[in-house]
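Work through the exercises below with the model open. Try each task before reading its solution.

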Amino acid sequence: MDLQKYGPWALIIGGSEGVGAAFAQLLAADGFKLVLVARKQGPLDELAAELRGQGAEVRVLSADLAQPDVLAQVRGVTDDIEVGLLVYNAGANNTRGLFVELPEEVTGSVLAITVLGQANFARHYGALMVKRGRGGIILGGSLSSYLGSPTLATYTGAKAFSRIFSEALWAECAPLGVDVLHLNIGFTATPAMARLGMPVDLAEPPETVAREGLENIANGPVWIVSTPGNLERARLISAVDNRAEIVRSNAIPPRDKTAEAAREHQRLAAGD
Ligand SMILES: NC(=O)c1ccc[n+]([C@@H]2O[C@H](COP(=O)([O-])OP(=O)(O)OC[C@H]3O[C@@H](n4cnc5c(N)ncnc54)[C@H](OP(=O)(O)O)[C@@H]3O)[C@@H](O)[C@H]2O)c1
């Protein structure tokens, strides 16, 4: 990763585990200084200690992205440094249910983290990058951005926002020297997924996802991670015609059917 274009500091939102931690490890190895943000202090401190042991300069902040003052909190640890790379990784969904029945706090926090969070952080750090005429923004996305799925209305809608927002931001920022990428992630073996009881042995390792994000930061606006089956699924569920049938037939399966669905995607990708 080009330290001159995207350094010297990288800010990783959701940077304590999984894909966020993998970004931190790869960037530290390339000489970046890091600011890591997540809620739990313990995993942040553990990762920071490991990276400092390898010679990296690291700042950590425990903050909740669902809180309205989170950008101000993060600015408290970044206003005196030059953030050349923003990786907004956090944004998984851990609650399913009918939109009209879920508590407003649940759906509101998904919107705060993914919609307002990505927009507010991209505006603040993007403006500073544009002034310098260099930098990069990676926004954590999902294959689910292509299809509204029952029981996941807010999550899939928020990821659709992320993808479309990234496309527009990419077009605006590219001539100003700043790269924008919506990193479109499929099933990935993160601790968050493991805690939900998902069959992560069938999933993409977080290192692959982070590496593809960094390697393709200049290949925006959208990069679909190369997990077998991802591209085929994106093509299938993003078709314009006959949305009713596509939505009915391709909804994200309930969690206990995830293993079956992952195997089916892999079979599709292999042409079986
Ligand atoms: N894993 C998959 O299969 C998959 C599939 C498609 C897309 N994605 C996307 O990939 C990204 C990473 O997903 P993930 O599975 O690793 O889970 P995640 O919970 O979105 O990300 C984990 C990281 O974010 C932090 N985090 C989560 N909620 C936070 C909050 N409210 N405030 C501050 N930090 C928060 C976590 O630390 P704390 O818990 O300590 O806060 C951790 O560092 C997400 O955008 C997700 O939508 C993942």
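The exercises go from the whole chain to one strand, one helix and the ligand shell.

This is a predicted model: local features need pLDDT of at least 70, side-chain atom pairs count only at pLDDT 80 or more, and totals for chains, interfaces and linings use all residues. Numbering starts from 1 along each chain as its sequence is written.

**Exercise 1. Describe the overall fold of the protein chain.**

Step 1. Count the elements: 11 helices and seven strands. Helices (H or I, at least four residues) and strands (E, at least two) are DSSP runs, numbered from the N terminus.

Step 2. Check the globule rule (2.2 Å times the number of residues to the power 0.38, with the radius of gyration taken over C-alpha atoms). It gives 19 Å for 272 residues; the radius of gyration is 18 Å, close to that, so the chain is as compact as a globular protein of that length.

Step 3. Check burial. Buried residues make up 45% of the 272 residues. A residue is buried if 20 or more other C-beta atoms, placed from the backbone, lie within 10 Å of its own.

**Exercise 2. Place strand β6 in its surroundings.**

Step 1. β6 spans residues 178–185. Eight of its eight residues are buried.

Step 2. Split the strand by face. Val 178, Val 180, His 182 and Asn 184 lie on one side, and Asp 179, Leu 181, Leu 183 and Ile 185 on the other. In a regular strand, side chains alternate between the two faces of the sheet.

Step 3. Find the partners; strands pair if DSSP finds at least two bridges between them. β5 and β6 are parallel, over eight bridges. Ser 142 has Ile 185 in β6 as its bridge partner. Between these two strands the chain passes through helix α6 (residues 153–173) in a right-handed β-α-β crossover: with the strands pointing away from the viewer, the path from the first strand over the helix to the second runs clockwise.

Step 4. Take the other neighbour. β6 and β7 run parallel, joined by three bridges. Asn 184 stands opposite Ile 224 in β7.

**Exercise 3. Which elements do the buried residues of α8 pack against?**

Step 1. List the buried residues of α8 (residues 206–215): Pro 206, Val 209, Ala 210, Glu 212, Gly 213 and Leu 214.

Step 2. Read off the elements they pack against: α2, β5, β6 and β7. Contact requires C-beta atoms, placed from the backbone, within 7 Å.

**Exercise 4. Which element gives the most to the shell around the ligand?**

Step 1. Among the elements that supply at least two residues each are α2 (18–29), β5 (135–142) and α7 (191–195).

Step 2. α2 gives the most, with three residues.

Methods: A residue is buried if 20 or more other C-beta atoms lie within 10 Å of its own, exposed if 12 or fewer, and partly exposed in between; C-beta atoms are placed from the backbone. Two residues are in contact if their C-beta atoms, placed from the backbone, lie within 7 Å.
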